[in-house]
Amino acid sequence: MRRAAEVLARHVALVGFMGAGKSTLGAELARRIGRPFRDIDREVELALNTSIASFFAAEGEQAFRAREAARTISALRDDTPGVLALGGGVITQEPVRAALRERALTILLEVDPATAWSRVEGSERPLAQERAAFVALYDQRAPLYRQVADAVARDVDDAVLAAAMVSVERGALGRLGELVPGDGPVALVSDPHVAGIHGMDAQLALGARLSETHELPPGEEAKTLAAVDRLWQELRLDRHGTITALGGGCTTDAAGFAAAAYLRGVDWVPVPTSLVAQVDAAIGGKTAVDLPQGKNLVGAFHWPVRTVVDPGLLETLPEAQRREGMAEVVKTGLLAREPLWDLPDDELLRRCAAFKAAVCLRDPLDRGERAILNLGHTFAHALEAGARYAGVTHGQAVALGLLAALRLSGADTAPVEDILRPTPVRVDRELAWQAMQRDKKTVGDELRLVLLGDDGPRWDVAVPAAEVRGELDRLIAG
Ligand SMILES: NC(=O)c1ccc[n+]([C@@H]2O[C@H](COP(=O)([O-])OP(=O)(O)OC[C@H]3O[C@@H](n4cnc5c(N)ncnc54)[C@H](O)[C@@H]3O)[C@@H](O)[C@H]2O)c1
Ligand SMILES: [Zn+2]
């Protein structure tokens with residue numbers, strides 16, 4: 001069983017055939033998720049003090065495998081979780097497979113035999129000297145890779161998602177029974193509206209693992225201590241059970257918080273159904289409920305044992321809710337410096353989820369650079385406060401906030417204007433400005449904001465109050 005904390009404490013081990021590109025992708029993955037990288041294959045080779053080919057000739061493959069296994073297992077025993085690129089054949093050894101099961105999240109980097117051959121052909125690798133033998137070995141190993149892998153990746157975004165235990169896959173809801181890790185009982189928690197549309201499919205997919213079903217109130221009502229208290233009292237799960245949350249960000253935030261504290265923490269699996277939840281709320285392990293004093297004031301960091309993103313679920317999402325999500329998609333694209341908003345749904349979700357997952361893996365407890373995810377949000381929260389939390393949606397407010405952030409960054413505002421088409425809103429100017437100054441980022445007569453620089457997003461950038469006020473005023477009508 002993958003307990004929540006274990007997802008972050010495990011090594012990420014890349015396995016795959018010779019020529020799959022494990023070293024290159026491993027180094028990039030390590031950079032993306034902020035972990036040290038070790039190329040174990042290369043380390044083994046250097047430690048031989050001779051080429052693999054001459055070692056094979058002198059001592060035989062057995063002796064090489066013994067050294068390779070010892071090095072791999074010792075790297076896996078290291079307590080600092082890293083990204084490890086393993087040798088192609090090392091998984092043929094059971095002690096290595098056992099260490100992987102215990103210490104790592106194992107990702108298979110897929111490659112077809114022709115591509116692999118073209119990359120290693122002509123090298124000195126002893127097992128890549130003759131094409132027919134190479135392909136035969138490929139066929140022989142393929143099932144073994146599948147057996148050890150927790151996930152399969154084609155590129156670095158896939159690998160980031162796998163490292164965060166996020167599955168983005170059309171039809172995933174139908175495989176929920178397999179995707180919820182372990183084999184213990186599952187409590188399904190959903191919002192009544194979503195339960196009416198997708199609840200039956202989720203129940204069928206969970207099959208015999210489904211032990212109980214619960215509903216939270218719709219919308220922000222779910223994110224109250226009263227609603228979570230009711231859920232806690234209804235739950236019958238023991239410590240080995242998993243809470244699965246089916247719904248938008250309100251459902252996943254509340255059910256995730258319920259899971260974080262119930263029996264001092266049980267595993268949970270969000271199945272986000274809104275665009276906001278698929279690209280944002282259900283990724284990164286933040287859970288919370290609201291207090292009368294403000295939103296998200298009581299919560300916990302509780303990383304899901306898996307997040308199941310099924311793009312097909314968006315087909316029933318109302319257009320207005322889709323627009324809410326597009327504001328976060330545009331935010332993500334601006335941070336990633338790629339027009340992710342132009343991609344077709346499946347790819348848009350995969351890329352946006354991977355971007356957020358990587359930032360959260362680098363800063364799981366929100367102590368530093370995770371702050372970049374607040375791009376446009378200081379303005380947005382001020383506008384929402386200025387509207388007394390009625391009449392302006394979060395998505396509208398974020399669209400306007402992004403506009404202000406881009407203007408202050410001296411960046412092109414076209415993506416926001418073309419995709420989100422924000423128009424100034426009628427809110428109380430003074431109330432909005434007060435909210436903006438109350439924000440914890442205020443220092444003296446400067447405000448600390450997230451802005452976009454030439455080489456990417458920067459957080460805690462000091463901006464003179466007068467300039468910020470000027471931009472806030474431009475977002476307000478009348
Ligand atoms: N934890 C985080 O990191 C994080 C990040 C961003 C937002 N959030 C939170 O997320 C919440 C907003 O999430 P939301 O916008 O998803 O709100 P929501 O959960 O209220 O869902 C929006 C509406 O869409 C409906 N809906 C959802 N999926 C549907 C589907 N597939 N088909 C038809 N209808 C569907 C819901 O019933 C609801 O009426 C806020 O409370 C916010 O604070 C959390
Ligand atoms: Zn937001």
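Me: What's sitting around ligand 1, and which residues are closest?
Reply: There are 26 residues around ligand 1 (each with a heavy atom within 4 Å of the ligand), and the closest are Asp191, Gly249, Thr273, Ser274 and Thr316. This is a predicted model, where local features need pLDDT of at least 70 and side-chain atom pairs pLDDT 80 or more, while totals for chains, interfaces and linings use all residues. Residues count from 1 along each chain as written, chains are lettered from A and ligands numbered from 1 in written order, and side-chain values use heavy atoms, without hydrogens or water.

Me: How far is aspartate 191 from an oxygen of ligand 1?
Reply: A polar atom of its side chain is 2.7 Å from that oxygen, and N or O pairs count within 3.5 Å. Aspartate 253 has a side-chain N or O atom 2.9 Å from a nitrogen of the ligand. For lysine 356, the distance to a ligand oxygen is 3.3 Å.

Me: And how much of ligand 1 does the protein cover?
Reply: Of the 860 Å² of accessible area (Shrake-Rupley, 1.4 Å probe) that ligand 1 has on its own, 85% is covered.

Me: New topic: what holds the zinc ion?
Reply: Ligand 2, the zinc ion, is coordinated at 2.1 Å by Glu328 through OE, plus His377 and His394, each through NE2. Along the chain, these donors (N, O or S atoms within 2.8 Å of the metal) are spaced E-x48-H-x16-H.

Me: Is histidine 377 buried or exposed?
Reply: Histidine 377 is buried (under 20% relative accessible area), at 6%.

Me: And what does histidine 394 count as?
Reply: Histidine 394 is partly exposed, at 28%; that class lies between buried and exposed, which is over 50%.

Note on methods: Donors are N, O and S atoms within 2.8 Å of the metal (3.2 Å for Na, K and Ca); water is not among the atoms, so sites may look incomplete. Buried means under 20% relative accessible area, exposed over 50%, partly exposed in between (1.4 Å probe, protein chains only). A polar contact is a pair of N or O atoms within 3.5 Å; within protein, one must be able to donate a hydrogen and the other to accept it, and residues adjacent in sequence count only if both atoms are side-chain atoms.
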